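Student: Could you pick one part of this model and take me through it slowly, backbone first? Once I've got my bearings there, I'd like to see what it sits next to and then how the rest hangs together.

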Amino acid sequence: MSGSETNLSAGTSAGREVGGSASMRRRAEPEAQVERLTEERDRARAALQSALHERDRAHAALQDAERRKDELLAVLAHELRNPLSPIRSAVQIMRMAEGDQATTAAARTIIERQLKHLVRLIDDLMDVSRITRGKLELRTERIDLAAVLRIAVEINRPLLESRQQHLTIALPEEALVVEADTTRLAQVFANLLNNGAKYSDAGAEIRINATREDARVSVRVRDHGIGIPRDMLERIFDMFTQVDRPQSSPHDGLGVGLTLVKRLVELHSGSVYAESDGPGLGSCFTVRLHLASAPQTEADRLPSPREPPQGALRARILVADDNHDGAQSLALMLGMEGHDVRTASDGLEALRVAEEFRPQLVLLDIGMPKLDGYETARRLRERPWSRGTRLFALTGWGEEEDRERARRAGFDRHLVKPVDPELLSRLLDQALASGRG
Ligand code: ADP
């Protein structure tokens, strides 16, 4: 017992001595540990807070995207419906004014104008969607910007004339050769010019000027119209963004044109920006592009001028479309041009009619029941009599892969709906002329 006491005391005393530093260590250890744990806790708390913040941000972004999508659908429905009311009224007018040529002609002009507007809206939307999905391929060539601008002006000539606006174009003497997709670049300047005309008064001046800046060219489209508020100068390039105006103009669109401009310019490795001294003080849009590196003499060629329509050629034409009104209206139109036209509402019927009618031209919708357009074309091409027959595909899809598929199925042409009657008539004349030659 005493031994143990001694031991204990010895131990205790020894323990005390040792224990003195040990207890300091023990105290120091928990303190360091607490400090470490506190640090860890603070770090974890900070990480948690940042994760929560990130989650809130993602949530807000998601809600924002959701809201924008809803708004977008509402705007889209509204914008697409807008041209339909005048079209409906005009049709009614035509029905009531039968025989009154002037009234019928006025109603027809309304329909044509609204239809063009509708087609443009949808084309723009599809182009933006193609670019977003990386599906738009540029067909680049060396081209003089002057030629591109000529096309853009041509597209806007009816609008400029109807608004009696004056356009001046100032270009340097030398050719400004760019490596570009002529159609797409013309679309860029056509959109900018269209806005310049839309957002300026009748009779106003619009000016386009191009200047060379080393290896680049800047093209400015300037108007003296309603101008753009400073805080909107960048945002107007966003999809469906429009400046709030007290009064909306009858020419207002969907807010897609500038999105398309920006994306097309960027696809050409260029840039675009807007300037304005404010509301009422006009706007200026500048497009900057790289000039093509080596000089080229035959660069500035314009697309070949259109062949004049030859008319007068009569053909046997088969139109196949499961949309009854689509087939009928096309058949009526072609019939009025003097052609002999039959219709079919699916692929199998098209084959049956074709066998007996032996058409020189077949216009085939792609998405048809029973037998789609591709398969119908393939089977038609198996018939020996179809060697001289022209097959045109009619579809809502104009992607390169759709065109390629149509080519493989035996189509000669791939036309995106709604088909421009003038284009169809021209193609028809060409097809018939070459069929005879
Ligand atoms: P929209 O079809 O509405 O014209 P855009 O994308 O082409 O669509 O233009 C977006 C908006 O930018 C327009 O609604 C208009 O408010 C403004 N805007 C574009 N160009 C001009 C311009 N030249 N002058 C004044 N405002 C313009």
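Tutor: Let's start at Lys370, which you'll find in the loop linking strand 10 to helix 9. Bear in mind that this is a predicted model. What makes Lys370 worth a stop is its phi, which is positive at about 70 degrees even though the residue isn't a glycine. Is it buried or exposed? Neither, quite: 14 other C-beta atoms lie within 10 Å of Lys370, and since burial takes 20 or more while 12 or fewer counts as exposed, Lys370 comes out as partly exposed.

Now go to the other side of strand 10. The loop between helix 8 (347–357) and strand 10 holds Arg358, another non-glycine with a positive phi, here about 45 degrees. Arg358 is partly exposed too, with 14 other C-beta atoms within 10 Å.

Strand 10 itself covers residues 361–365, and its parallel pairing with strand 8 (residues 316–320) runs over 4 bridges. If you want a pair to click on, Ala320 sits opposite Leu364 of strand 10. Zoom out and you get an open sheet of 5 strands, paired in parallel and ordered 9-8-10-11-12. Which strands are at the edges? Strand 9 (340–344) and strand 12 (413–416); each has a single partner strand, so each keeps one side without a neighbour in the sheet. Ignoring direction, the average turn between neighbouring strands here is 20 degrees.

Helix 9 (residues 373–382), at the far end of the Lys370 loop, packs on this sheet and touches strand 10 and strand 11 (390–395). Its direction and that of strand 10 make an angle of about 155 degrees. One more backbone detail is found past the edge strand: Pro418 is in the loop between strand 12 and helix 11 (421–436), and the peptide bond joining Lys417 to Pro418 is cis, with omega about -5 degrees.

That was the close-up. For the wider view, the protein chain has 11 helices and 12 strands, and another open sheet of 5 strands has the order 2-4-5-7-6, with mixed pairing. Its edges are strand 2 (166–170) and strand 6; with a single partner strand apiece, each has one side left without a neighbour in the sheet. Neighbouring strands in this one are turned by 15 degrees on average, again ignoring direction.

The mix is easy to trace. Strand 2 pairs with strand 4 in the parallel sense over 5 bridges, with Ile208 in strand 4 as the bridge partner of Ile169. Strand 4 then runs antiparallel to strand 5, joined by 8 bridges, and Thr211 faces Ser218 across that pair. The hairpin they form has 2 residues between the strands, and Asp214 there has a positive phi near 55 degrees. Strand 5 also makes 8 antiparallel bridges with strand 7, where Leu289 is the bridge partner of Val217.

Look along strand 5 and its side chains alternate: Val217, Val219, Val221 and Asp223 are buried on one face, while Arg216, Ser218, Arg220 and Arg222 point to the other face and are not buried. Helix 5 lies across strands 4, 5 and 7, at about 25 degrees to strand 5. Phe189 has contacts further off in sequence with Val148, Leu149, Ala152, Val219 and Val221.

Helix 5 also packs against helix 6, at about 145 degrees with the axes 9 Å apart, in a left-handed crossing. The residues in contact include Arg184, Val188 and Leu192 of helix 5 and Leu260, Val261 and Leu264 of helix 6. By class, this contact has 6 nonpolar, 5 polar and 1 charged residues.

What does this feed into? The largest nonpolar core has 39 residues, and the members touching the most others are Val148, Val178, Phe189 and Leu193. Helix 5 is its biggest contributor, with 8 residues. A second, separate core has 31 residues, including Ala344, Met368, Ala377 and Leu428. Ala344 falls in strand 9 and Ala377 in helix 9, which takes us back to the part where we began.

Conventions. Residues are numbered from 1 along each chain as its sequence is written. This is a predicted model: local features need pLDDT of at least 70, side-chain atom pairs count only at pLDDT 80 or more; totals for chains, interfaces and linings use all residues. A nonpolar core is a set of buried Ala, Val, Leu, Ile, Met, Phe, Trp, Tyr and Cys residues joined through C-beta atoms within 7 Å. Two residues are in contact if their C-beta atoms, placed from the backbone, lie within 7 Å. Two strands pair if DSSP finds at least two bridges between them. Axes are lines fitted to C-alpha atoms, for helices over the stretch in contact, and angles run from 0 to 180 degrees between N-to-C directions. A crossing is left-handed if the near helix is turned anticlockwise from the far one by less than a right angle, and right-handed if clockwise. Ala, Val, Leu, Ile, Met, Phe, Trp, Tyr, Cys and Pro count as nonpolar, Asp, Glu, Lys and Arg as charged, and the others, Gly among them, as polar. Lists of a residue's contacts leave out its neighbours within four places in sequence.
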